[in-house]
Amino acid sequence: MNIVLVDEHLLLADALQNLLQLIPEVKEVDIYTDGKDFLTERSATPPDILVMDLALNGQNGLELLDICRSTLPREMKVIVLSTVSDAQTVKHTIRRGANSFLSKSTLFEEFKESIFQVRSGKQYI
């Protein structure tokens with residue numbers, strides 16, 4: 001399984017990359033600090049799972065989600081990690097096409113579970 005992380009916080013993204021690489025099913029983990037670079041470089045070869053923040057430099061994460069859902073294969077699963085996790089934001093993000101929404105305060109085991117759940121076609125909130 002190939003995963004892309006889009007998050008401007010490199011410390012968090014690097015730590016997640018290191019943890020994800022410990023999962024045997026994960027073959028590749030790439031990091032992008034903004035959605036524009038991700039779309040430019042990975043449109044031709046989208047990942048199995050996109051893990052993204054809602055707050056990105058120069059772009060709203062919901063805009064990135066909309067672009068991904070309108071231009072990339074629907075088979076690509078999207079997990080949103082955010083510091084904002086009020087019910088309205090979660091509901092709005094899921095309606096716009098995210099397969100999972102998790103707070104950045106989530107434990108790694110739960111994050112890992114969300115990956116396997118969305119990979120199998122389920123939503124995880």
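1. Let's start with helix H3 on the sheet. In this predicted model, H3 lies across three strands, S1, S3 (49-52) and S6. The direction of H3 makes about 165° with that of S3. That angle is over 145°, so the two count as roughly antiparallel.

2. H3 also has a helix for a partner. Helix H2, residues 35-42, packs against H3, residues 61-71, with 10 Å between their axes and an angle of about 15°. Because of that angle, H2 counts as roughly parallel to H3. The crossing of H2 past H3 is right-handed. If you would like to look at the contact itself, select Gly35, Phe38 and Leu39 on the H2 side, and Leu64, Ile67 and Cys68 on the H3 side.

3. Now the sheet as a whole. In what order do the strands of the open sheet stand? Reading across, the order is S2-S1-S3-S6-S7, which makes 5 strands, and their pairing is parallel. S2 (28-32) and S7 are the edge strands; each has a single partner strand, so one side of each has no neighbour in the sheet. From one strand to the next, the twist averages 20°.

4. Helix H1, residues 10-20, packs on this sheet too, where it touches S1, S2 and S6. The direction of H1 makes about 175° with that of S2. Here again the angle is over 145°, so H1 and S2 count as roughly antiparallel.

5. H1 has a helix partner as well, namely H5, which spans residues 108-119. The axes of H1 and H5 are 12 Å apart, and the packing angle is about 65°. H1 and H5 are therefore roughly perpendicular to each other. H1 passes H5 in a right-handed crossing. On the H1 side the contact involves Leu16, Leu19 and Leu20, and these meet Phe108, Phe111 and Ile115 of H5.

6. Strand S1 deserves a paragraph of its own. Of its 5 residues, 4 are buried, so S1 is mostly covered. S1 and S2 run parallel and are joined by 5 bridges. Between S1 and S2 the chain passes through H1, and this β-α-β crossover is right-handed. S1 also pairs with S3, again in the parallel sense, over 4 bridges. In that pairing, isoleucine 3 stands opposite isoleucine 49 of S3.

7. Is asparagine 2 buried, exposed or partly exposed? This residue lies in S1, which covers residues 2-6, and its relative accessibility of 27% makes it partly exposed. In S2, glutamate 28 stands opposite asparagine 2. Setting aside neighbours within four places in sequence, asparagine 2 is in contact with Lys27, Glu28, Pro47, Asp48 and Ile49. For a sense of distance, asparagine 2 and glutamate 109 are 107 residues apart along the chain, and their C-alpha atoms are separated by 18 Å.

8. Turning to the S7 edge, you will find that this strand, residues 100-103, is covered on both faces. Ser100 and Leu102 are buried on one side, and Phe101 and Ser103 are buried on the other. S7 runs parallel to S6, residues 77-82, and 4 bridges join the two strands. Two facing pairs are handy for finding your way here: valine 80 stands opposite phenylalanine 101 of S7, and serine 82 stands opposite serine 103 of S7. S6 and S7, with helix H4 (residues 87-95), make a right-handed β-α-β unit.

9. A last point concerns glycine 58, found in the loop between strands S4 (55-56) and S5 (59-60). Its relative accessible area is 70%, so glycine 58 counts as exposed. Glycine 58 and glycine 35 are 23 residues apart in sequence, and their C-alpha atoms are 8.7 Å apart in space. Glycine 35 has already come up in this note: Gly35 is one of the H2 residues that make the contact with H3.

Notes. Residues numbered from 1 in each chain as written. Predicted model: local features only at pLDDT ≥ 70, side-chain atom pairs only at ≥ 80, totals over all residues. Heavy atoms only, no water. Buried < 20%, exposed > 50% of the residue type's maximum accessible area, 1.4 Å probe, protein only. Pairing = 2+ DSSP bridges. Right-handed = clockwise from strand over helix to strand, strands pointing away. Axes fitted to C-alpha atoms, helices over the stretch in contact; angles between N-to-C directions. Parallel < 35°, antiparallel > 145°, perpendicular 65-115°, else oblique. Left-handed = near helix turned anticlockwise from the far one by under 90°. Contact = heavy atoms within 4.5 Å.
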